[in-house]
Amino acid sequence: MLNILVCIKQVIDPEMPSSAFSINTSSKKVEEPDGIPPVINGFCENAVEAALRIKDVSDANITILSIGNKFVTEVMKKPLSMGADELILIEGPEFENLDPLSTVNVLRAAIQKLGSFDLILCGRQASDWDNALVPLGLSEMLDFPCITIGQKIEIVDQGLIVQRTLSNGYEIVESSLPALVTVTNELGDPRYPNLKGIMAASRKIPTIWNSKDLDLDLETLIPKLKLIDLKIPITDKQCEIIEGGDDEETGRNLALKLREAKLI
Amino acid sequence: MANILLFGEVSDKEISSITYELISAANKLKFNEDDKIVVALLSEVIPESYENLFSYGAETVCLVKNELLSRSNTDAFIIASKEVFDKFNPEIVLFAKTDLGRDVAPRLAFKLGVPVAQDCIDLGIDQDTKKVMVTRPVYGGSAIATLVFEDVETQIVIVRPKVFEPITPTENSKGEVVELNIELDEKLIKTKFIEEVVKESEGIPLESAKVVVAGGRGLGDAKNFDLLRELAEILGGAVGASRAVCDAGWLDHEYQVGLTGKTITPDLYITVGISGASQHMAGCSSSKNIVAINKDPNANIFNSANYGVVGDWNAILPAFLEAVRELN
Ligand SMILES: Cc1cc2nc3c(=O)[nH]c(=O)nc-3n(C[C@H](O)[C@H](O)[C@H](O)COP(=O)(O)OP(=O)(O)OC[C@H]3O[C@@H](n4cnc5c(N)ncnc54)[C@H](O)[C@@H]3O)c2cc1C
Ligand SMILES: Nc1ncnc2c1ncn2[C@@H]1O[C@H](COP(=O)(O)O)[C@@H](O)[C@H]1O
């Protein structure tokens, strides 16, 4: 049986209206918006879907792992209702501001405690800090082959074949197992949980660990890149709104305006 | 004296422009007179034009030629870049956020156990600590963070393409050339390249087009992109799209503009039915002029646009297209 681990991250909903986006300047943090629950990072959901597609066609066990603080259990249980088998949450205030290096160390400690995996799937990047760093670090730390931005993953014999999205097309690469692959939205939308999945998930209890369970040295969790400022960029552009008697005239006026400005 | 090492790139047997951009970025980090800019080129072919790098500000050029250093062999680049790193022992290392750089830089950093600053759009030296200070968009561009390296020996920075302008080259500059012979054992390459499928977008490449006409979810359907294609053709431009459009399968992802799509800097960017989410703007906000056609007066796109039309494209676009045709 193929043992698959999917690493997921809880993030502030990136699709929230920009008016709800605010920064606490003293703590240099993005405020959690009122009434808009956090979500699982989109690319992480794509990674869950990738794991489930493998499980659809072969014998596999899917473990979901996440490090964070103030998890919303209902949100984090979504992969279980989609069909994953287990959920491990590593939770505590010390995990609030982890940098990629520390995140990798905590993930590695958790993976050691969990046993061994044939395939680790991650999102291509997390939509909070848009880092795209953790999976690459994890692969180095575990000495796993690393394939990024996978849009299709196939298990063959003892290895895997991955289509990687490139800026102008894609490439196909092959590797042995165990391996780590990061997944992109080009893989396709994650499936909706069905009733059976939701029922099964409601019976499952996530395993929750803290830093003591992992014997972590908290000293090592201090970021090595210090955040000194976080602000909302100001756009000072003045948009000239083009008008007209009716839509057709407006369309023509836009063309005339662009000609006047020598843009067309 | 400190070395600033940057990893240039070769594509289609030419030095890619990102290499010159990185030299400009490195120039902002020269703190002492005698800090030295070292440009490394790791490739299966070394273009003759590497001598030009000196005219752009390189002081040392390190050439590593090996047939395994072809684009898809990330593992080979990581082994080789580590050797180049050991040779020059730089305080600062620069990579570009390209298909290659975004994989190699982080893995080298983790190998060395040092932090890496991702996707930087501005760089400088903090006067107090003498460490590198970077500015980078986060939260899809909704926020801008300034970060400074703490007490670490090596500072690795990944630079966003098309942010730093190459300098005007000086004539006939010379410098030191170091050819490094690196043995690469094929067995160390854990991921094997099988094949590449290139899907160039039709017509003018999106990234070099002077005019880009892009559509969003508001277009409602794949076939409505015909109008945009027509407009692009008249204007001698290219067609682009938001991620929503590519996710819906109306266009291939090669057309996607944005944070996880292409970065473009055309003279004129015309958007139709695009809301202007920060992740979309991340790929086009440096366009010289932005035009927005959107029926929602509160759409975010109007905050970045120079010219806007509030209304339904169904009525506006055909008239606009007709007028553009007449004027051309
Ligand atoms: C990590 C991450 C990375 C991302 N990367 C990218 C990226 O690279 N590129 C990208 O584009 N997005 C990206 N996104 C997605 C982004 O957040 C938005 O969801 C996306 O850009 C929205 O696309 P849209 O503007 O086409 O659609 P919508 O936001 O749905 O906007 C449609 C617009 O069309 C207008 N409209 C509707 N009908 C009409 C009409 N008849 N006439 C005129 N106007 C009309 C509406 O008013 C609306 O403003 C990313 C998201 C995340 C989380
Ligand atoms: N705190 C975390 N817990 C679990 N997985 C994570 C965490 N942070 C990052 N990852 C994984 O690494 C991917 C890329 O994240 P990042 O490097 O932060 O952009 C995510 O999509 C996750 O798969």
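**Exercise 1.** Work out how much area is buried between chain A and chain B, and what share carbon and sulfur atoms give.

*Solution.* Start with the term: buried area is the accessible area (1.4 Å probe) that two parts lose on being put together, summed over both. For chain A with chain B that comes to about 7000 Å², with 60% from carbon and sulfur atoms. Next, look at who pays in: A:Asn168, A:Leu225 and A:Lys237 supply 10% of the area that chain A buries against chain B, more than any other three residues. Finally, count the contact (heavy atoms within 4.5 Å): 78 residues come from chain A and 78 residues from chain B.

A word on the model: it is predicted, local features need pLDDT of at least 70, side-chain atom pairs count only at pLDDT 80 or more, and totals for chains, interfaces and linings use all residues. Residues are numbered from 1 along each chain as its sequence is written, chains are lettered from A and ligands numbered from 1 in the order in which they are written, and side-chain values use heavy atoms, leaving out hydrogens and water.

**Exercise 2.** Find how many salt bridges there are between chain A and chain B.

*Solution.* The test is a side-chain nitrogen of Lys or Arg within 4 Å of a carboxyl oxygen of Asp or Glu. The count is 5 between the two chains. One of them joins A:Arg164 to B:Asp103, at 3.4 Å, N to O.

**Exercise 3.** Say in which sense β14(A) pairs with β10 of chain B.

*Solution.* Strands (E, at least two residues) are DSSP runs, numbered from the N terminus, and two pair if DSSP finds at least two bridges between them. Here β14(A) and β10(B), residues 143-149, run antiparallel over 6 bridges. To place them, put A:Lys231 opposite B:Ile144.

Terms used
Helices (H or I, at least four residues) and strands (E, at least two) are DSSP runs, numbered from the N terminus.
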